[in-house]
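User: I should like to learn how to read a protein model. Could the tutorial proceed one feature at a time?

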Amino acid sequence: MPPAHHALIVRLPPDAADAALADALTTAAELWWPGERRPRLWTETVPAPAGSGTAARRRAAEARRPVAPGHRLRAVLLRYAGEHLADLVLTAGGAALDARSLRLVARVLRGDLAPDAVTPLDGPLPPDLRMDGETRGLASALAVTVGRYEGAASVRVAVPVPARDRPPYALGALDGYAVFTADLSPGRTVADLLATEPSAPAEGDDPPVLTLVAGEPGGDGDGDGPAMLPTGPDALPVPAHQVRFVQEQLAGSAPNTPLSQLNPLSREESAEQLAFRTPHKAAAPLRIDEVFAAQVAARPDAPALTAGSATLSYAELDDRAEELADGLYAHGVRPGDLVGLCLPRGADLVAAMLAALKADAVYVPLDPEHPADRRERTARDAKVRLTVDDPAALTGHPRRPAAARGPAAGPAYVIHTSGSTGRPKGVLVPHANVTALVDAVRDDFALSPDDAWTCFHSAAFDFSVWEIWGALLTGGRLVVVDHWTSRQPEDFHALLVRERVSVLSQTPSAFTQLAAADRTGGGLPALRLVVLGGEPLDARPLLGWFDRHPEDRCRLVNMYGITETTVHVTAATVTRREALAGSRSVGRPLPGWSVRVLDPHGRPVPPGAPGEIHVGGAGVALGYLHRPAPTAERFVPDVVDPAGRLYRSGDLGRLLPDGTLEHLGRIDDQVKVRGFRIEPGEIRHVLLEDPAVSAAAVTVTGGAGGDAAAVRIDAYVVPAPGAGEDPGSVRDRAARLLPPHMVPATVTVLPALPLTANGKLDPARLPAPGTRRTPAPAVPAAPAAPAADAPEAPAAVLAGIWRDVFGVEEIGPDDDFWDLGGNSLYAIRIGTLARERGLPNVALRQLYLTPTLGALSEALARGV
Amino acid sequence: MTGGGGPGPVNGGGGPGPVTGGGGPGPVTGGGGAGRAAGGGARLAGRTALITGAARGLGRACALALAREGADLVLLDVAGELPGVPYPLGSASQLAHTGRLCREAGSAVLTRQADVRDLAALESAAEAAEERFGRIDVLVNNAGIAAPSGRPAHEITEAEWQLMIDVDLGGAWRAIRAVGGRMAAQGSGSIVNIASTAGLVGYRHFAGYVAAKHGLVGLTKAVALDYAPRKVRVNAVCPGSVRDDEAMEGRMLAEIARSLEVPVAEHEAAFVRDQPMNALVEPGDVADAVLWLASDESRRVTGSVVTVDGGFTTR
């Protein structure tokens, strides 16, 4: 790609006459380019002195002006008011004359050179692919720099080269270019790179990614030095000074230096990238039970925990925990032991957590809703001393002997993360991390004893760590939400109203459902803070929430976090502005936490470039329980701070210019098709922008063996209230907004998205895309249509409801709610439709107990 | 002196697309209000505008307004007498003066003498404009005559009718013919036709003028559709009675008064009484509308008629 045009500005002697110049131009042009349209000499008077800024800007404007189509050369003579000076501005199309030729034209017009001393060329010559050392160094440096921005192992740079065997006084030779393909893959050295030979661009070759633009020395502003012309929509601007910095390193490095050691970022720039933390003054580390004890001492009669209709004061909760701690001791639990807790949500679960901590043991929550086999395996892997599943066994024991409190750096709990592959890993988190977390947000969130918090999440999901200790370590009241209520948005909403909850924590998926219930459920006057976490947030659907709950009355905070870094890492307040912008920023690190975005070699990526999010600071866990290998792999030493450790998140992120972190999804999830990266988040975002869609999920499957053709994108959408259920129009809209390789193959309409027990999207329970489920025992859908005014049998009505909810043609009494893809939201829908169609109330619990259509019909008939 | 509207919002880099050349000296980046006098904007920085009838009056006001916003200019005028027109038209001196004023505002200027009835002259001017500035971004079809007028239709001679239609309607079409293809080829451009309230309503004893200006509004709409796929916009501005500004050396109102054989002052007073806003339109008011239509601020406006008449035609 030759440059679009060249320009040259030359100062003329004071006696230069317009007519003489014009004649010289005509004579030369007739000689060099006979039969072509002759360039004219244009004159222009600048009403300012030649040395003024005005004149300089006018010269620059002339030089920047493109050449008209079909013209080879433009010559403009600039004269200045009251001065005998004149400047000649010569401009030529990049494909018509090269920069050297312009200098020759100028010499001829000034009379320094006879026109016939210059040999014209009448067509392009093959490019001379030999590169001089300077150009080679520059191209190499540019390739290395761009490689670091894009994380690419191979970068192509187009290098301008002169035509081969170019005569010394040629005019009209095309500026050719060669393609310098830099191999930056691991193990390559400086010598390898500098030995790279450029090649001629192949016919029909894709245009090279980058073009080197050689700036003239002394140019002003951005034109100074080498620069990159980004040609792709995603190309990042590469600062020229970084290219020069790499060039210096290339020149000064031993030939066997690995390319990975070159760094476009100066020490200062690296430090800037590493300094992504929020300043704070670190307090002395404290234990959880220590801080709790202080709350008990300060406000013994204040309400601490509400479960059902009962509320315990801080003193009562503490008494219960003391009793259970004595029981743990009686059962042989000693400091450092692990204690499994398999208790339903309630006061005893929290008291047992406190009891374990008081006994200087480590609690391991085991969700009673999980299958027993899974619980047993988790307890076995953790090597728990005992598992508490009945608090009664821990009561009535003698006081345990007094003992000094353990260290704050000691472990407090183990939470198991369910990775997509392999066994769950137990994350060992120390006391100090939890108290630091509460400290980090206490002021910003204005947490106080006036607050009422929900404990919505399972104890096995670390979001509950935040809920439980956030409330109890700040003197607030913890409202335990039982499992059934947590699965019914309307009931949960009623609980929020009843208990005057002020601090609510939710996954975005669960919050979407709560927000839907809120549309009809009346206000939430006490609610002042919603913490969203556990999943990437799509801010757009929050607009409706903001309409009902203005940000100045209820603050919405999106928190990015990881179990291995103690629940949260960053926080971003979400307002209407972010929702409208569809922001994916997760904000800044909590005070005491730090975030780095590093490349695979552990170096900071340049600003704005994507890399792996590494988390350091107060939240980094001790490691994986009994799993030294994964611990060593994920918890890595901090090269900058030898005392610290970093957790490698496996999440992709980048630092935005405003100093916040953008979360780009899991690195493992990155799927490429024909070199295009597929971003499920982006597809989902486009779907959610559709006013007809209230929730969306995207699955990307196939392509595991590198088979791009097998990659398949499927979308699932939940229609917005009042919107139609036409997947075709949703897909058509997405196809208009997404690049072809990202358009979902199918769009499946669902009444609700399936969620895991933790309230996150459960991709495993999404139905097969675009298909309707066919039940196994195909019995006739319903008896012959009943007479118009005869009441339909309840069983038939219920079957009709199931058919509508699950979207199946036929249904039989043995069809199972779960096998049909049922979830809590389907259950709610069934309940709603049952009421509407005059059936007795279908309790959610009943549906779970009698999940087949036949059994449920019978239960309803019995009036259960 | 009016017109121009002062420093408007600075509208991005504004240049004609990103300047990706720059192998030569000077900054690589484009845009910016290069060489602009202080106080001007950059809404048209890097753009080239061709204006007909630029020697004086509305043409001069438009030229200055565009110059202040960073445009380089090609200024055309008949710069001489036209047989059959009963009043003196713009002069070469007036055209040069407009050029001087625009240079002082920071523009590079090319002036040409050209009669809009002469297609070859317009084509030559367009070619020179492109050769000099590389491209043409804006065409303001401002040239027009108001007289011979002042008589009922049956008293207009064949020659008078032909002259009026040929200048006021045909002139705009010829300029479009000379420039439109170049704009279409480059995939951008804005054409502004200066019509009149006489393009929207009738005026007694001005049959030729009213017919020509109605025709110009029609031409605007048709050509807008011709060029819409190529992102070339075509719009009309319909000024009401514009005050003859001294600095602009306008004399349209005076000539209309003379056609009607009434004293200028009386004619002006009558027009002011007719205006709902009780004031005549100033040349700068019209130039501001032209500026908006010339700039990217109106990038989705085409085939439209912008009336600048103080409300005259609304009743």
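Analyst: Let us begin with burial: a residue counts as buried if 20 or more other C-beta atoms lie within 10 Å of its own. The model shown here is predicted.

User: Is B:Ala67 buried or exposed, and why?

Analyst: B:Ala67 is buried because 29 other C-beta atoms lie within 10 Å. This residue belongs to helix H1 of chain B, which covers residues 57-68. Leaving aside neighbours within four places in sequence, B:Ala67 is in contact with B:Leu73, B:Cys102, B:Ala105, B:Gly106 and B:Ser107. The C-alpha atom of B:Ala67 is also separated by 9.9 Å from that of B:Arg47, a residue 20 positions away along the chain.

User: What share of chain B counts as buried?

Analyst: Of its 315 residues, 58% count as buried. The secondary structure of chain B comes to eight helices and seven strands. Among the contacts in chain B with a separation of 6 or more, 74% join residues 24 or more positions apart.

User: Which residues touch the most other members of the largest nonpolar core?

Analyst: That core has 145 residues, and those touching the most other members are A:Leu328, A:Val339, A:Leu341, A:Ala356 and A:Leu478. Helix H10 of chain A gives the most to this core, with ten residues. Beyond four places in sequence, the contacts of A:Leu328 include A:Val333, A:Val339, A:Ala355 and A:Leu394. Another core, of 89 residues, lies apart from it; B:Ala55 and B:Val179 are among its members.

User: How should one describe two helices that pack together?

Analyst: Two packed helices are described by the angle between their axes and the distance between the axes. In chain A, the axes of helix H8 (residues 288-298) and helix H10 (residues 347-358) come within 9 Å and cross at roughly 115 degrees. The crossing of H8(A) and H10(A) is left-handed. On the H8(A) side the contact is made by A:Ile288, A:Asp289 and A:Phe292, and on the H10(A) side by A:Leu354, A:Leu357 and A:Lys358. Four of the residues in this contact are nonpolar, none is polar and two are charged.

User: Where does pLDDT stay under 50 in chain A?

Analyst: Where pLDDT is low, the predicted coordinates should not be read in detail. In chain A, pLDDT stays under 50 over residues 212-236, for which the model has 59 contacts beyond four places in sequence. The value also stays under 50 over residues 704-709 of chain A, with three such contacts. Chain A averages a pLDDT of 81, and 83% of the residues score at least 70.

Terms used
Residues numbered from 1 in each chain as written. Chains lettered and ligands numbered in written order. Predicted model: local features only at pLDDT ≥ 70, side-chain atom pairs only at ≥ 80, totals over all residues. Axes fitted to C-alpha atoms, helices over the stretch in contact; angles between N-to-C directions. Helix = DSSP H or I, 4+ residues; strand = E, 2+ residues; numbered from the N terminus. Left-handed = near helix turned anticlockwise from the far one by under 90°. Contact = placed C-beta atoms within 7 Å. Nonpolar A, V, L, I, M, F, W, Y, C, P; charged D, E, K, R; others polar. pLDDT = per-residue confidence, 0-100. Core = buried A, V, L, I, M, F, W, Y, C linked by C-beta atoms within 7 Å. Buried ≥ 20, exposed ≤ 12 C-beta atoms within 10 Å, placed from the backbone.
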